[in-house]
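Here is a friendly walk through one structure, with a look at its ligand site, some backbone details and a few helix pairs. Please keep the 3D view open as you read.

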Amino acid sequence: MEEKKLQKLLEDMSLQEKIEQLVQLNGLFFGSSEQLTGPAAAFRLSEGQAYRTGSVLGEHGAARLKKLQDRMMAEQPHHIPALFMADVIHGYRTAFPVPIAIGSSFNPSLARRIAEAAAREAAAAGLHVTFSPMADLVHDSRWGRCMESPGEDPWLNARIVENMVRGFQGEDVSEKGRVASCVKHFAAYGAAQAGRDYNVTELSEHTLFEDYLPAYRAAVEAGACLVMTAFNTIDRRPCTTSRRLLRDLLRGDMGFEGVVITDYSAIKETISHGTSEDERDAARQAMLAGCDIDMMTSCYLHELEPLIRDGRVPESLLDEAVLRVLKLKNVLGLFEHPYKDASEEDEQQLLFCPEHQALSREAAEETIVLLKNEGVLPLSPDRKIVVIGSLAEDRAIVGSWAVFADRSQTVTLREALETLYPEADVTFFASDAITEDMLSAAAEADTVLLALGENETWTGESRSIADISLPASQKKLFDAVRAAARKTVTLLFGGRPLAVPEIAQQTDALIEVWLPGSCGCCALADILFGKVNPSGRLSMSMPWHTGQLPISYAAFQTGRPKPETDRFVPFVSNYMDVPNRPLYPFGFGLSYSEVTYGPVCLNTDTLTSGGSLQAEAVIENKGPLPVKEAVQLYIRDLHGSVVRPVRELKGLEKICLAPGERRTVRFTVTEEMLRFYDADMHFVSEPGAFRLWIGHDSLTENGADFRLE
Ligand code: BGC
């Protein structure tokens, strides 16, 4: 539809109709019964009113949504099509590894392909919008939603989420197989204090701007059609009613022109925060702040009309919000094709199709991280292997936000090993209960695989934990098996980095599997048997202990830095009981190959504003297998007018090297890459000395110095 027709449509709509466009309800309101009971009564909806709202949350399936669309368009006075939105976070029917794992691929183009596949399935199932990507940076693995974040680094998160937005939306979101992307949760939800979900945040302006905002900004610049507000407060203001955040920063500074939707019931929750008196006050504040769609409260539905009539909310603000919603419908092509891509035939063809299963497996090949290997992996099929732990047969390993994935289709570790390596001598004890049989089998085996960690019910929204070590029962299981077995390989499942220092020390090999999705265990089996060379890297530091949280490699130097030792040193900044460094650092991950880095060479040691500098290193695969190597560029500003991180990721290239292959990897460094917020919050670079490193992980010492003039 031409844009000026949208304006005409808006002018023709009644106040009530306009308000209804801003209301989003979930499937409970669209049951077959017409009786006004249950949620409809609680929301005080009038007859048929749910069907006149502008968008629906969580309903899915081509047949269902076509029918619902017909009904909603019939009820809506101007026959405006509804928007169907849902959480397709890491896949629709085919589940891909969870986002923290996707971050650990260190491969942004893989993130894009995953989003494309997820969009194809979701679009066929009638969806128009996905509430993804989650761009929230996280430094604290007590927070259950680590699982949904690409990780701890502003630069890496930005690259992952911008690729996801492009993958979901393509060049033109009205095209077949595309869905609109809603980046969330604006802003800094991942900074929930003490890792407790929904908690407040306490951030400096610098931390907000330099660490937390870049990934949302990257998603907006990549064209994300929607932004979702966050549950938390920033600077003592709930994000959902923060004018500064939504109007000044998001719309003003970042130039976002799309739709702002609240998180689930977030407008009403400002009453609990104690910043709104009642629903009317909450609706007023949210509208003034710039929230367009009210997800799952009746605040807008009942309160906007009196607020507008009383002149407490200008009708022009309502019109702007409604126009944005209409524009989104138009960009998706819904006025011409209200079902968009909903198709039962396409669902048959696309959902969990072999191509998407293959991508789920390929993704896990790149997201699983090998952390330790003392000559025990890859396994040789002629050895006797015992697999222990309930997670070996658990199907709940796809991740809690793959809401539409069919768990019965998840390939378990046991199934993967039995199907892909039938010749191997593998015995299973898929239980966490220690038995004599288990221990005697462990004693007779050449290698024991121990599946430990969390299944999907342990991580995700509201699943915060105070202690990130393993539960006592799993520690006991590890100790008993370790004492009995010759060699152990520990497989850590889960959605967050756990603290496992004793296990890391005692096990012969350690693998961070994450929650690997529908077919991820096939990739795990291939990694175990050496068919696939692991290439994942930690996108979050793995601490020794909960007490180190929050933790990030991009820390700041104190006035009393710790000397190069893990021992306690009095009167410098350190702990008496654990080192400052993590157990495994950001960017770390092993392969079965020896990959070497030659020294960093610069084409000049002086960078000028407007100019550029080339930094390169020769990377060589000295092993007998092909390898994927995530080559990382870090930079440190040695002296700033404000303290600067000890290093920051500024570049990445994931390359494939054949056995014996050498490749020069070159990064271009420009003055823009050196900018930061100075004491007056100006985004500037400062002339002076810098160091850069090209290496395997965030602890690399392969560096060179240069100056900015
Ligand atoms: C979550 C969002 C999600 C929304 C809709 C909320 O509880 O915080 O991330 O998109 O529900 O399901």
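Strand β5, which spans residues 180–186, is home to H185. Keep in mind that this is a predicted model, and that every value below was computed from its atoms. H185 takes part in a cis peptide bond with K184, where omega is about -5°. A little further along, F186 and A187 are also joined by a cis peptide bond, with omega at about 5°. A187 belongs to the loop between β5 and α8.

H185 leads us to the ligand as well. Which residues come nearest to the ligand? Of the 13 residues around the ligand, they are D87, R145, H185, D263 and E461. For three of these side chains, the table gives the distance from a polar side-chain atom to an oxygen atom of the ligand.

| Residue | Ligand atom | Distance |
|---|---|---|
| R145 | oxygen | 2.7 Å |
| H185 | oxygen | 2.7 Å |
| E461 | oxygen | 2.8 Å |

How much of the ligand's exposed area does the protein bury? Taken alone, the ligand exposes 310 Å², and the protein buries 92% of that. The shell around the ligand can also be sorted by class: 7 residues are nonpolar, 1 is polar and 5 are charged.

Another backbone detail worth a visit is F106. This residue is not a glycine, yet its phi is positive, at about 50°. You will find F106 in the loop between α5 (99–104) and α6 (108–124).

From that loop we can move on to the helix α6 and its packing. The axes of α6 and helix α7 (residues 154–169) come within 7 Å and cross at roughly 30°. Angles under 35 degrees count as roughly parallel, so α6 is roughly parallel to α7. In passing α7, α6 makes a right-handed crossing.

Next comes α8, the helix at the far end of the loop that holds A187. What angle do the axes of α8 and α9 make where they cross? Helix α8 covers residues 205–221 and helix α9 covers residues 243–253; their axes cross at roughly 55° and come within 12 Å. The two helices are therefore oblique to each other. Their crossing is right-handed.

One more pair rounds off the tour. Helix α15 (residues 354–367) packs against helix α20 (residues 520–528) at an angle of about 50°, and their axes are 7 Å apart. That angle makes α15 oblique to α20. Here too the handedness can be stated: α15 passes α20 in a right-handed crossing.

To bring the threads together, H185 is the residue to return to in your viewer. H185 sits in strand β5, shares a cis peptide bond with K184, and places a polar side-chain atom 2.7 Å from an oxygen atom of the ligand.

Methods:
Residues are numbered from 1 along each chain as its sequence is written. This is a predicted model: local features need pLDDT of at least 70, side-chain atom pairs count only at pLDDT 80 or more; totals for chains, interfaces and linings use all residues. Side-chain values use heavy atoms; hydrogens and water are left out. A residue is near a molecule or strand if one of its heavy atoms lies within 4 Å of it. A polar contact is a pair of N or O atoms within 3.5 Å; within protein, one must be able to donate a hydrogen and the other to accept it, and residues adjacent in sequence count only if both atoms are side-chain atoms. Accessible areas come from the Shrake-Rupley method with a 1.4 Å probe; for residues, only the protein chains shown count as cover. Ala, Val, Leu, Ile, Met, Phe, Trp, Tyr, Cys and Pro count as nonpolar, Asp, Glu, Lys and Arg as charged, and the others, Gly among them, as polar. Axes are lines fitted to C-alpha atoms, for helices over the stretch in contact, and angles run from 0 to 180 degrees between N-to-C directions. Helices (H or I, at least four residues) and strands (E, at least two) are DSSP runs, numbered from the N terminus. Angles under 35 degrees count as roughly parallel, over 145 as roughly antiparallel, 65 to 115 as roughly perpendicular and the rest as oblique. A crossing is left-handed if the near helix is turned anticlockwise from the far one by less than a right angle, and right-handed if clockwise.
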